[in-house]
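Colleague: I have a new model open and would like to go through it with you. Can you put it up and take my questions as they come?

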Amino acid sequence: MTAQLIDGKAIGLKVQDEVVTRVAEFTRLHGRAPGLDVVLVGDDPASQVYVRNKELTSKKVGMRGMLHRLPADTSQTTLLELVDRLNRDDLVDGILVQMPLPPHIDAETVIGTIDPLKDVDGLTPISAGLLALGRPGLVPCTPMGCMRLLAEVGCDPKGKRAVVIGRSVLVGKPIAQLLLARHATVTIAHSRTTDLGKVVAEGDIVIAAVGKEALVRGEWIKPGAVVIDVGINRGPDGKLHGDVEFEPAKARASWITPVPGGVGPMTIAMLLCNTLDAAKARITAR
Ligand code: NAD
């Protein structure tokens, strides 16, 4: 079997098109566009690219996108004051503080200060708690993107064995929760898992979110499995690679995401969906 590619770029653009229509409708009904405010502290080169993309894409779909750049030596108090101001600003629907933050700032304190109704990154304790309880709330964007990719290729997790590799708060744990909510039988593997190959071989759905190039060997993949590779690794060849050994895995899977062009484009698309959902929920809550 040779897997078909899951084209995250095309699916991400399709989601953006849907958002354009929904944003126009929101703006017509409420007399203002949904607003996404992104905060960047410092000058980490990768973060600069990410936040710029978020600002530009939000504007492209008709939202009010705003980027707040703060110098690397910004105090935690100043950052918390900005978050507080955005929390109280009625025109701000979504707040995203780009990680990583400089070492003198406690990320948990900053995230915990964001109004859960504006938590479009889905990282506050309230958002994580709602997800764990299976209640509606804002969900981290990359995991939502993975679920949308599964849906787009007609993969219903119900009754399937799903193996999630990685247990981070940002990716692994929320993906596992979402798969569980869709009635998959979920195994979470991590750095202390023994015999990873045996665990992966059970997966009808395999989601790799580790950050180690080619950790997941192609020969481990169950024939016909759907493979979603979240990992982003810069290889010795200077190119981006996932966590899954791509060609041998492709020879066994039914569907597989490429890296780049798989999960990556979905993350920003889902951020737009979250911002729109947050805007609607805030209006409904009034
Ligand atoms: P993280 O470092 O927070 O977590 C990595 C996880 O991998 C940990 O839970 C750890 O237990 C597990 N792990 C480490 N070594 C392992 C091993 N040998 N076997 C099994 N598990 C092991 O990383 P993260 O934030 O969850 O991100 C994971 C990857 O996904 C990174 O490459 C990151 O760049 C990428 N990522 C991509 C997107 C995107 O939009 N495409 C978004 C977020 C993260």
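Colleague: Which domains does the assignment give for the chain?

Modeller: The domain assignment gives domain 1, covering 30-115, and domain 2, covering 141-264. Please keep in mind throughout that this is a predicted model.

Colleague: And how far apart do the C-alpha centres of domain 1 and domain 2 lie?

Modeller: The C-alpha centres of domain 1 and domain 2 are 29 Å apart.

Colleague: On to the sheets. What order do the strands have in the open sheet of three strands?

Modeller: The order is 3-2-4, and the pairing is parallel. Strand 3 (64-70) and strand 4 (94-97) are the edge strands, so called because each of them pairs on one side only. Averaged over the sheet and with direction ignored, neighbouring strands are turned by 15° against each other.

Colleague: How many bridges join strand 2 to strand 3?

Modeller: Seven bridges join strand 2, residues 35-41, to strand 3, and the two strands run parallel. To pick out one pair for your viewer, G35 has R64 in strand 3 as its bridge partner.

Colleague: What about the open sheet of six strands, what is its order?

Modeller: That sheet has the order 1-11-8-7-5-6, with parallel pairing, and its edge strands are strand 1 (4-5) and strand 6 (185-189), each of which pairs on one side only. Strand 1 is joined to strand 11, residues 255-256, by two bridges in a parallel arrangement, and L5 has I256 as its bridge partner in strand 11.

Colleague: Changing topic to the ligand. Which residues around the ligand come nearest?

Modeller: There are 21 residues around the ligand, and R167, S168, K212, I232 and T267 come nearest. By class, this shell holds 10 nonpolar, nine polar and two charged residues.

Colleague: Which atoms of K212, I232 and T267 should I look at for contacts with the ligand?

Modeller: For K212, look at the side chain, where an N or O atom is 3.1 Å from a nitrogen atom of the ligand. With I232 the backbone is involved, as one of its N or O atoms lies 3.0 Å from an oxygen atom of the ligand. In T267 a polar side-chain atom lies 2.8 Å from an oxygen atom of the ligand.

Colleague: How much of the ligand does the protein bury?

Modeller: The protein buries 72% of the 860 Å² that the ligand exposes when taken alone.

Colleague: Last topic, the backbone. Where are the cis peptide bonds that join M99 and V259 to their partners?

Modeller: One cis peptide bond joins M99 and P100, with omega about 0°, and P100 is in the loop between strand 4 and helix 4 (107-113). Another cis peptide bond joins V259 and P260, again with omega about 0°, and P260 is placed in the loop between strand 11 and helix 10 (264-285).

Colleague: And why would you flag H183?

Modeller: H183 is not a glycine, yet its phi is positive, at about 70°. The background is that most residues other than glycine have a negative phi. You will find H183 in the loop between helix 7 (172-181) and strand 6.

How values were computed: Residues numbered from 1 in each chain as written. Predicted model: local features only at pLDDT ≥ 70, side-chain atom pairs only at ≥ 80, totals over all residues. Heavy atoms only, no water. Helix = DSSP H or I, 4+ residues; strand = E, 2+ residues; numbered from the N terminus. Axes fitted to C-alpha atoms, helices over the stretch in contact; angles between N-to-C directions. Near = heavy atom within 4 Å. Polar contact = N/O pair within 3.5 Å; in protein donor to acceptor, adjacent residues only side chain to side chain. Areas by Shrake-Rupley, 256 points an atom, 1.4 Å probe, with all protein chains shown as cover. Nonpolar A, V, L, I, M, F, W, Y, C, P; charged D, E, K, R; others polar. Domains from an automatic or database assignment.
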